[in-house]
Amino acid sequence: MFYKLTTKSSFSIVSAISEVIHLTTALDVLSPVGTATYIDTTTLKLLRYYLYGAPFGMEDDDFIYPPDLLGSIDFEKEHIATYDPQLSLPNPGPNLVVRPLRRSDYDKGYMDLLLSALYVRDQGITQQEFEDRFDRMKASGGSYIITVIEDTSTKKIVGNAVLHVELKFLQPSVKRGRLEDIAVLERYRGQQLGKLLMDVTTILCKKVGCFRVSLHCKDKFVPLYQKFGFYIDEPENIMWLDKNYLQS
Ligand SMILES: CC(C)(COP(=O)(O)OP(=O)(O)OC[C@H]1O[C@@H](n2cnc3c(N)ncnc32)[C@H](O)[C@@H]1OP(=O)(O)O)[C@@H](O)C(=O)NCCC(=O)NCCS
């Protein structure tokens, strides 16, 4: 099977890498071999390996959302924050890769990151529980846009950002977003990775069609989120339902 490249420029791996990730988002990518430029499935999978750390042969099913959604971001044009030194979605730093959460990420310390960075006082969950929840999240059909950063040299997940998309009836668009669990492993902080995850996730809010997006945060993080266009809506109160009631 062959995929048609979007331009007729002469084929090279370098140009294909930038093109191929856009390519699979379009429905018209499948074409018979003709006069235009094509890429075969094997090469496509190989490129995905380099781009997303996806094992050779792995299909989109292994990701919580299609990696091509990330590939559709033109980071140079769309990024919001400034980076010094330069950092980007395709180049987050040595041995680092930004990609959607994978079902196998339990083995890469995903829960350790969440438990340590988000100061959660519990034991975490088993691999089976993780996989069950992953499957349920994925089955929701785009409600969980979870983006991670992997250090491929240690095979550990070092960053995480969740965009939770809720569906609504009474709004101009059906989707309302919430950003949650923005976390970077302690050893990797201060390297602009939190900013990069926020940048990517903010762009994804727009790409998936959210009409409204919010997050909750401590005072000290307000300046970080303001960089991405978040503002404080003073009169609103966050109210929690008593845990004792829920757990009784
Ligand atoms: C918040 C967090 C993700 C930031 O990650 P990071 O990779 O260290 O952040 P960056 O290096 O990208 O820094 C981005 C900006 O945020 C600011 N920032 C980062 N951590 C901060 C902190 N603890 N307090 C105040 N500002 C902070 C930085 O000064 C930086 O601003 P600059 O670009 O003007 O220099 C990370 O500190 C973390 O995981 N914390 C624990 C989990 C948590 O509390 N998450 C927030 C939930 S609302």
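Reader: What is the bridge partner of R176 in β7?

Author: In this predicted model, R176 is matched with R212 of β7. K175 has a partner there too: C210 stands opposite K175.

Reader: What makes β6 and β7 a pair of strands?

Author: Two strands pair if at least two bridges are found between them. Five bridges join β6 to β7, residues 210-215. Therefore they count as paired. The two strands run parallel.

Reader: How do you know that β5 and β6 pair, and which way do they run?

Author: Again the cut-off is at least two bridges. Eight bridges join β5 to β6, so the strands pair. They run antiparallel. In one of the facing positions, H164 stands opposite R178 in β6.

Reader: What do β6, α7 and β7 make together?

Author: They make a β-α-β unit, and the unit is right-handed.

Reader: How does the span of α7 compare with the expected value?

Author: α7 has 15 residues. Its first and last C-alpha atoms are 21 Å apart. At 1.5 Å a residue, 21 Å is also the expected figure, and the helix comes close to that.

Reader: Why does the span of α6 agree with what is expected of a helix?

Author: α6 covers residues 127-139, which is 13 residues. The expected span is 1.5 Å times one less than the number of residues. That gives 18 Å for α6, and the end C-alpha atoms are 18 Å apart, so the two agree.

Reader: What follows each of these two helices?

Author: Just after α6 comes G141, with a positive phi of about 75°. α7 is followed by G209, whose phi is positive too, near 90°.

Reader: What makes α7 "mostly covered"?

Author: The count of buried residues does: 12 of the 15 in α7 are buried. Among them are L193, G194, L196, L197 and M198. D199, V200 and T201 are also on that list.

Reader: Why is A161 called buried?

Author: A residue is buried if 20 or more other C-beta atoms lie within 10 Å of its own. A161 has 27, so A161 is buried. Its place is in strand β5, residues 156-167.

Reader: Which residues is A161 in contact with, leaving aside its neighbours within four places in sequence?

Author: T147, L179, I182, L197, M198 and T201. Take T147: it is 14 residues from A161 in sequence, yet their C-alpha atoms are 5.3 Å apart in space. L197, M198 and T201 are among the buried residues of α7.

Reader: Why is V97 called partly exposed?

Author: V97 has 19 C-beta neighbours inside 10 Å. Buried needs 20 or more, and exposed means 12 or fewer. The count falls in between, so V97 is partly exposed. V97 lies in strand β3, residues 96-100. I157 is 60 residues away along the chain, but the two C-alpha atoms are separated by 9.6 Å.

Reader: What is notable about phi in D181 and Q192?

Author: Most residues other than glycine have a negative phi. D181 is not a glycine, yet its phi is positive, about 55°. Q192 is likewise a residue other than glycine, with a positive phi near 70°. D181 is in strand β6, while Q192 lies in the loop between β6 and α7.

Reader: Are D181 and Q192 buried or partly exposed?

Author: D181 has 14 other C-beta atoms within 10 Å, so D181 is partly exposed. Q192 has 19, so Q192 is partly exposed as well.

Reader: What kind of peptide bond joins D84 and P85?

Author: A cis one, with omega about 0°. Most peptide bonds are trans. P85 is found in the loop between α4 and β3.

Reader: Which residues surround the ligand most closely?

Author: R189, G194, K195, C217 and L224 are the closest of the 16 residues around the ligand. β6 and α7 each supply at least two residues of the shell. By class, the shell has nine nonpolar, four polar and three charged residues.

Reader: How many helices and strands does the protein chain have?

Author: Nine helices and seven strands. The chain has 248 residues, of which 28% count as buried.

Definitions and conventions. Residues numbered from 1 in each chain as written. Predicted model: local features only at pLDDT ≥ 70, side-chain atom pairs only at ≥ 80, totals over all residues. Near = placed C-beta within 6 Å. Helix = DSSP H or I, 4+ residues; strand = E, 2+ residues; numbered from the N terminus. Nonpolar A, V, L, I, M, F, W, Y, C, P; charged D, E, K, R; others polar. Right-handed = clockwise from strand over helix to strand, strands pointing away. Contact = placed C-beta atoms within 7 Å.
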